[in-house]
Amino acid sequence: MRWTMALSLLALPASAAAQDSVLSVPAEEDEQPIILYHPRIDTIVVTAGGNLTPSPSDRVQSVTTITDIAQGLGERVENRLRDEAGLAQFRRSDGRSAHPTSQGVTLRGLGGNASSRALVLLDGVPQADPFGGWVAWSAFDSVPLTGARITRGGGSGADGPGALGGTISLSSDMADGGNAALSGGSRGSSDLVGGLGGYLEDGTVAVDGRWSRGDGFIPIRAADRGSVDRAAPYDQAGLGLRARFDAGENRRIEVAVRGWRDRRERGTDFSRSAVDGLDASIRYILDPTPDDGWQVSLLGYAQLREFDTGFASVAADRNSAAPALIQRVPALGLGARLEVRPSFGWSNPLRFGIDWRRVEGETQEQFFFTGTAPGRFRVAGGESTTVGAFADGYALAGDVRFTLSGRIDHWRIAPGFRIERNIGGSIRSDDRFAARSGWAGTGRAGVAYERGEVKLRAAGYTGWRLPTLNELYRPFRVGADATAANELLRPERLWGGEAGIDWSDSYGFSASVTAYWNRLENAIANVTLGRGPGNFPGVGFVAAGGNYAQRQNLDAIIAKGVEVQAAANIGPVDLRATYAFTDATVRADGAAAALDGRRPAQVARHAASFSAVVDLGSVKLDLRLRHTGAQNEDDLGTQRLGAATTVDAAASYAIAEDIKLMLRAENLFDALVPAAFGAGGAIERAAPRSVWVGVSAAF
């Protein structure tokens, strides 16, 4: 794996003191506090998501802030995010068993895609893979997370392009002292988490890490298994170093470097995958009070990825497997961002800035196997760059807040290539693709009325996403099915709006209802165009029973729905529930006309969650229920993944002030959670029941 160094400046944290289970984070003197949900804590530090404090202009949209993201005892960041109804990942499996390329994330029913249709940030740094746009969730094991701020719907554009379904902004922080947690679980699983932080002469430094492994479960459900099916082990580790230095009055420099490794298998021969990553960033922050001057944030970052994987061709009876593809994907992402907030003496209602992001990568593939020997080699890839400028502001008129924002981007897809040759022989094809460029303008307008315990809000917005290098240049196969790339894909464009009401009282009860409508134009999808046997452009021969597809721009995906959230504190009990109803429809003609009027793949009509946390002092109990409705695996709706309901339960007991014993059960009732279809129509499942026991200590 190649290693490189880059630097990032992180944001100053804002402190929040808890009142029972509801946290109040005051932003400015004229504002009501932002409500955060956290079961039973006394004090928490919430960072600003890598920028200056979150802009009050986002209050015209549906925003949820989670502050109870645990690490250790088998907990996964991506599983905690599943508690937010309407947030969906491409597969229902998590980062221990899913293939790394299948972990894109979206919100509001915009359609399943391995590339994320939501913008995921860690301390302000984009987290999408530079080549494929998916998210390496195991990368977050190397840094402690204090919270996630989820803004649904197209954003103001201040965070960058790509926020079609919304923005998921993860925050980290550096603790003073040390902590460690050791646990073991079902099927030989182990999980070790630890961190150490302390003060320097002019700042602080922290080192954090995690190592987790397990023998894994058999991904194929029992009724469909053959002799090739076996458990899918995983082994993941990460280490992060962060430092924060004072650079003068109201000035700070923050540096972060983290690296990780992820090893998984998909439960058959020839299906191992390996991901290695290194991220580095540096940020300069000038953050005086509005009375003292302007606020400035300057960020630079680099992302290095090395991805190696194998794919197996499994017979329909699942009694034999052969290698189908060996793939290596090196990729690099670079970026910079400047944000300025002028001072008006009493507040900073305006922010503006510029950002730049460049990604490059290529796929190197061996395929067309005879036995275990590959006969052909393909390399494909390129690079793309986006440069944008944004402005965002708000104004107050009594109890009414008006917001207006705009963004303009220039994008360029550099010349790409795809070369295929016979190993040890002639070149079969040498395709070169011309550079393309264009402009994309986006914006948001919103209004919010706040009085007492009630807030009424409405917003209209636009957004856009550039096709990934993976979508543009890489054809792929899954079993007998083959999908061709499309170097002519156009950027996706979103038009949408929402209206909602929020209510909270001083007794610990809050509720929110939001209705929305989105139209995603030029939505990128894998469109089925034919069936084997036969030769097809871009992929070659497709065997009998296999489908031929190509990535294409659909006319649109129209998604509308309702989201409901409610939380209550009743004595020692904290309750929270979320529900999302999604009505999504494809609009398509031409070669994709068969999809017109259908429901997009990987979109469930109903999703819900419920959690109950009981804090009795030294004893704490946690119960979580998640439900996901049925959804289609493929574009034509011929493969249907059934609904699934799972229950997680956890308990902890403090045997001393800083030492706890912990017990946790995941998927307590061992529900079958269909995650995908394998060869011969076999059902792949997400994680079965797992039980964990452990101990944690802080000092």
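The accessible surface of the protein chain in this predicted model amounts to about 26,400 Å², and carbon and sulfur atoms account for 59% of that area. Beneath this surface, 58% of the 699 residues count as buried. Charged side chains number 74 positive and 80 negative, and the centres of these two sets lie 7 Å apart.

As for the overall fold, the secondary structure consists of 2 helices and 46 strands. The radius of gyration is 24 Å, close to the 27 Å that the globule rule gives for 699 residues, so the chain is as compact as a globular protein of that length. Along the principal axes, the C-alpha atoms occupy a box of roughly 70 × 55 × 50 Å. Contacts across the sequence fill in the picture: of those between residues at least 6 apart in sequence, 66% join residues at least 24 apart.

A convenient place to begin a closer look is Asp176, which sits in the loop connecting β12 (166–172) with β13 (177–185). Asp176 counts as exposed because its relative accessibility is 54%, and the cut-off for that class is over 50%. Apart from neighbours within four places in sequence, the contacts of Asp176 are with Gly197, Gly198 and Tyr199. Gly195 is 19 residues from Asp176 along the chain, and the C-alpha atoms of this pair are separated by 9.6 Å.

The next region of interest is built around strand β29 (residues 481–484), which takes part in two pairings of opposite sense. With β28 (residues 476–478), strand β29 runs antiparallel, and 3 bridges join the two. Within that pairing, Phe476 stands opposite Thr483 of β29. With β35 (residues 547–553), by contrast, strand β29 runs parallel, again through 3 bridges. Here Ala482 faces Tyr548 of β35.

Some details of the backbone also deserve a friendly pointer. Most residues other than glycine have a negative phi, and most peptide bonds are trans. Against that background, the bond between Gly532 and Pro533 is a cis peptide, with omega of about 5 degrees. Pro533 belongs to the loop between β32 (524–531) and β33 (534–536). The loop leading into β32 from β31 (510–521) holds Asn522, a residue that is not a glycine and yet has a positive phi of about 60 degrees. Asn522 is buried because its relative accessible area is 19%, and burial requires a value under 20%.

Asp670 offers a further example of a positive phi outside glycine, with a value of about 55 degrees. Asp670 is found in the loop between β43 (659–666) and β44 (674–677). With a relative accessible area of 33%, Asp670 is partly exposed, whereas Asn522 is buried.

Val586 gives a view of a strand residue and its surroundings. This valine lies in β37 (residues 573–587). Val586 counts as buried because its relative accessibility is 5%, and the limit for burial is under 20%. Beyond the neighbours within four places in sequence, the residues in contact with Val586 are Leu554, Ala556, Ile557, Leu595, Asp596, Gly597, Arg598, Arg599 and Pro600. One of these, Pro600, is 14 residues from Val586 in sequence, with a C-alpha to C-alpha separation of 6.1 Å.

Finally, strand β39 (residues 619–628) can be followed through two antiparallel pairings. One is with β38 (residues 606–615), over 9 bridges. In this pairing, Val614 has Leu621 of β39 as its bridge partner. The two strands form a hairpin with 3 residues between them, and Gly617 in the turn has a positive phi of about 90 degrees. The other pairing joins β39 to β42 (residues 644–656) through 10 bridges, also in the antiparallel sense. Here Leu625 stands opposite Val647 of β42. Strand β39 is thus bridged both to β38 and to β42.

Definitions and conventions
Residues numbered from 1 in each chain as written. Heavy atoms only, no water. Helix = DSSP H or I, 4+ residues; strand = E, 2+ residues; numbered from the N terminus. Rg over C-alpha atoms; globule rule 2.2 N^0.38 Å. Buried < 20%, exposed > 50% of the residue type's maximum accessible area, 1.4 Å probe, protein only. Contact = heavy atoms within 4.5 Å. Areas by Shrake-Rupley, 256 points an atom, 1.4 Å probe, with all protein chains shown as cover. Lys, Arg positive; Asp, Glu negative; His and termini not counted. Charge placed at Lys NZ, Arg CZ, Asp CG, Glu CD. Pairing = 2+ DSSP bridges.
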